[in-house]
Every structure is written in C-alpha cells, then in structure tokens.
Amino acid sequence: MKKSTRINLLLLLAVAALAVLPLVLGLGDHKEEPFTGADGEAETAITELDPDYEPWFSPLYEPPSGEIESALFSLQAAIGAGVLAYYFGLRRGRRQGEQRALAQQDAAPGGTGEPGV
C-alpha cells in the first residue's frame, strides 16, 4: 500500500471517529438539545449573562422552520463541496495533461524532452 493511501485512510478513520464518538459516548445527553450549533449556544450564554440584551441587527431571511434551515445549510455545504471538487479535479486534469504532453514530446522522433534542442 502506498504511503499516501495509508495517510488518506488514517485521516478518513479519524474524521469518522470524530463524527461517531460523541454519539456513542453520549456526550451532550444532559442537555435538552445536545448538538445545537454555535449560534444557539452563544445566544443562550448571552441571554444568561445579560437578559436585557438586544441584538444589533436582525437576519435578512428567517426560514419558516428548522427543516428548511437545515436544508439550506446542507445546500450550502453541497455547493461548497462541489466547488472544491471542481477545483481539485481541474488541477489534477491540468497536471495529467502536462505529463501526457511531456510524454508525447519525449516519444516524438528526435524528441529529447528538452526545450530548444
């Protein structure tokens, strides 16, 4: 097995462990909503510290339900993953194209692979 493949598998295992271990170990069972986002935790902490606090501004769009909010967040994550996948695929394709061009140049009659020779 190649070293890069082994590293990728270890990283994948680490990510899976980070996702599954909190559920298996029951972290957050003592809370009403165990895995809320950072925004909800911050709002709770601010309300506890200063009950009279008023936000500086309100959101531009408030989804009508939590399901729609989750769907929009998932859509945002999918678009981001698509952009990253496109970028890395483009880079890999360009690199492979350069390697093919060099291989064809070397295979050409009298081709040395060196520019200007």
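This is a short tour of the structure above, stop by stop.

**Whole chain**

Start with everything shown. The model is predicted. Colour by secondary structure: the protein chain has 3 helices and 0 strands. Followed along the sequence, the pattern reads α-α-α.

Now look at the overall dimensions. Along the principal axes, the C-alpha atoms fill a box of roughly 80 × 40 × 25 Å. The radius of gyration is 26 Å, whereas a compact globule of 117 residues would have one near 13 Å.

Switch on the surface. The accessible surface comes to about 10900 Å². Carbon and sulfur atoms account for 63% of that area. How much of the chain is buried? Buried residues make up 3% of the 117 residues.

**Helix H1 to helix H2**

Select residues 3-25 for helix H1 and 38-49 for helix H2. Then pick Thr 36, which sits in the loop between these two helices. Thr 36 counts as partly exposed, because its relative accessibility is 30%, between the 20% and 50% cut-offs.

Add Ser 4 to the selection and draw a distance between the C-alpha atoms. Thr 36 and Ser 4 are 32 residues apart along the chain. Their C-alpha atoms are separated by 35 Å.

**Helix H3 and the nonpolar patch**

Move on to helix H3, residues 66-107. Select Val 83, which lies in this helix. Is Val 83 buried or exposed? Val 83 is exposed, because its relative accessible area is 53% and the cut-off is over 50%.

Keep Val 83 and add Leu 60, Tyr 61, Ile 68, Leu 72, Leu 75 and Ile 79. Together with Val 83, these residues make a nonpolar surface patch of about 760 Å². Show their side chains and surface to see its outline.

**The positive patch**

Stay on helix H3 and select Arg 92, another residue of this helix. Arg 92 has a relative accessible area of 52%, so this residue is exposed.

Which residues gather with Arg 92 in a patch of positive charge? Add Lys 2, Arg 91 and Arg 95 to the selection. With Arg 92, they form that patch on the surface.

**Charges across the chain**

Finish by colouring charged side chains. The protein chain has 9 positive and 16 negative ones. Mark the centre of each set: the two centres lie 29 Å apart. For a last view, show both patches at once: the positive one with Arg 92, and the nonpolar one with Val 83.

Key:
Residues numbered from 1 in each chain as written. Predicted model: local features only at pLDDT ≥ 70, side-chain atom pairs only at ≥ 80, totals over all residues. Heavy atoms only, no water. Patch = residues over 30% accessible without salt bridge, like charges linked within 9 Å, V, L, I, M, F, W, Y side chains within 5 Å. Areas by Shrake-Rupley, 256 points an atom, 1.4 Å probe, with all protein chains shown as cover. Salt bridge = Lys/Arg side-chain N within 4 Å of Asp/Glu carboxyl O. Lys, Arg positive; Asp, Glu negative; His and termini not counted. Charge placed at Lys NZ, Arg CZ, Asp CG, Glu CD. Helix = DSSP H or I, 4+ residues; strand = E, 2+ residues; numbered from the N terminus. Buried < 20%, exposed > 50% of the residue type's maximum accessible area, 1.4 Å probe, protein only. Rg over C-alpha atoms; globule rule 2.2 N^0.38 Å.
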